[in-house]
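Please study the sequence and the structure displayed below before attempting the exercises. Each task is followed by a worked solution.

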Amino acid sequence: MHAVKQQMVMALIGAMVMLVSSVCFGSGIPDRITINSIQQYYAGVDFNHASHINNLKDCGLCHHHTTGAQITDPNCVRCHKNSGAQAVVSCKGCHSPTPFSPEELKLQRDQHPPIYHMDKVGLKAAYHLGCVGCHKKMGAPTGCQDCHKRNENGDGIFHSGKYAPKAPAKQKTSHH
Amino acid sequence: MIDRRDFLKGCLACSVTAASIGVVGKNAFAAGSFEGYPDAMGVLVDLTRCVGCRSCEAACNNEQKLPEPDLPFDDESVFAEQRRTTPKAYTVVNKYETADKNPLFRKLQCNHCNEPACLTSCFVNAYTKTKEGAVIYNAKVCVGCRNCMIACPFDIPAYSYSSAINPLIKKCIFCYDTRVKNGRPPACVEICPQQVMTFGRRSDLVEMGHERIKNDPAKYVDKIYGEKEVGGTSWMYLSSVDFDKVGLDNHMQNEPIISNVKDFLGMVPMVLSIWPALFTGIHLLATKNKGEHGDHDHKEGDQQ
């Protein structure tokens, strides 16, 4: 009798988990995301969101507490221990593409209370610090052009590719 | 002829003036340690974030319209040696090997001191510290004496030796003309993919730096380099290793460079104004006695 009850509870929990996850995954979570905040110099990244979800399982690794994931960072836990899922989940929803514009600096100064989220990085850095940091740990690619090919404009400012210096190249020192 | 009483009066007046100048001067020096303009901007450089991509060098070259580099900016062979700033590159990234095999990279450029030694040393007043925090210079008045190169504690100003006609000093100006003057961040800060550099009001950055150290004491050395060094700099650094391992002098004085010569230089006008009067007085007094004596001698001689 006891065992039957336990099985029923388990089944109920299982059904709820499935329901919750189907709601989550059914509610417009994109499978692919185009990241093109630096398309001035690099081609956009066709980010495979679905495979990252499948590999990592934990949304909080990238999305902090915003998806309702359990938060472990001791600094964030102080306020967000029980924060539920937020309306805004995307990176660009919080991280500004122009973190140092006069308007953005003023916003940060006028924040109340002033100490929280004061040191929030811009959008480009949110991508790079998040992606490259994790890629290093996981042994995934970390080179600039492993993720996004530099375009012609980028080659121009890097003086690379067809814009490489034509002056007699200095004896290249061997590099290890 | 000055008589003894007048001379003594003169001496007394002189010494009173000298004393009062001395007191005023001393007060002026005491109040003279300049903490920087209150709204000056700065940059906090977090060395733990830099991956050595050299985008900042490329952006600087582009923004400042500098000549074509010798090698492309994505060529990593430049890390084989420690480079310094040149007339063609106002910023360069160097690589530093560390004990735990994860190399650190550091971008070199002008640190934009609160009390710049270059400015102090320049006798044609080519340098200006702007209220935004930038140390800029007027190339039109530069005579190419290179005093600033010797004065700079960070070896930043470079000299265009290759120019035969008009060699000049060249250095990072914090993108003052094109960006910082209008409240926009410098080109290197804007292009950095990792936000190694945080641009903001200097006073906020000091607070932010200490907050980062507090939140992750295992990651950082407990010091912001440039908060106090040589009287404070607009560009400051956080590091995971001792600063002397990344090419920054960890024993830099906290006093501005000008303090090393300020007391001496403060005496110069005093010496110039008082000593002539004082010694003229002494001379007159001495020669008066001597003159009378000499005349007497002469008369005696005449008599003989």
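The exercises below treat a strand sheet, a nonpolar core and a contact between chains.

The model is predicted: local features need pLDDT of at least 70, side-chain atom pairs count only at pLDDT 80 or more, and totals for chains, interfaces and linings use all residues. Residues are numbered from 1 along each chain as its sequence is written, while chains are lettered from A and ligands numbered from 1 in the order in which they are written.

**Exercise 1. Determine the strand order of the open sheet of 3 strands in chain B and state which strands stand at its edges.**

Step 1. Helices (H or I, at least four residues) and strands (E, at least two) are DSSP runs, numbered from the N terminus. Two strands pair if DSSP finds at least two bridges between them.

Step 2. β1 (residues 41-46) of chain B pairs with β8(B) in the antiparallel sense over 5 bridges; here Met41(B) stands opposite Arg201(B).

Step 3. β1(B) pairs with β9(B) in the parallel sense over 4 bridges, and Leu44(B) stands opposite Met236(B).

Step 4. The order is therefore β8-β1-β9, with mixed pairing. β8 and β9 (235-238) of chain B are the edge strands; each has a single partner strand, so one side of each lacks a neighbour in the sheet.

**Exercise 2. Establish whether the residues on the two faces of β9(B) are buried or exposed, and locate Met236(B) in the core.**

Step 1. A residue is buried if 20 or more other C-beta atoms, placed from the backbone, lie within 10 Å of its own, exposed if 12 or fewer, and partly exposed in between.

Step 2. Trp235(B) and Tyr237(B) lie on one side of β9(B), Met236(B) and Leu238(B) on the other, and all are buried.

Step 3. A nonpolar core is a set of buried Ala, Val, Leu, Ile, Met, Phe, Trp, Tyr and Cys residues joined through C-beta atoms within 7 Å. The largest has 65 residues, and Met236(B) is one of those that touch the most other members.

**Exercise 3. Describe the side of chain B that touches chain A.**

Step 1. Two residues are in contact if their C-beta atoms, placed from the backbone, lie within 7 Å. The contact takes 29 residues from chain B and 26 residues from chain A.

Step 2. α2 (55-63), β8 (197-201) and α6 (202-215) of chain B each supply at least two residues of this side. α6(B) gives the most, with 5 residues.
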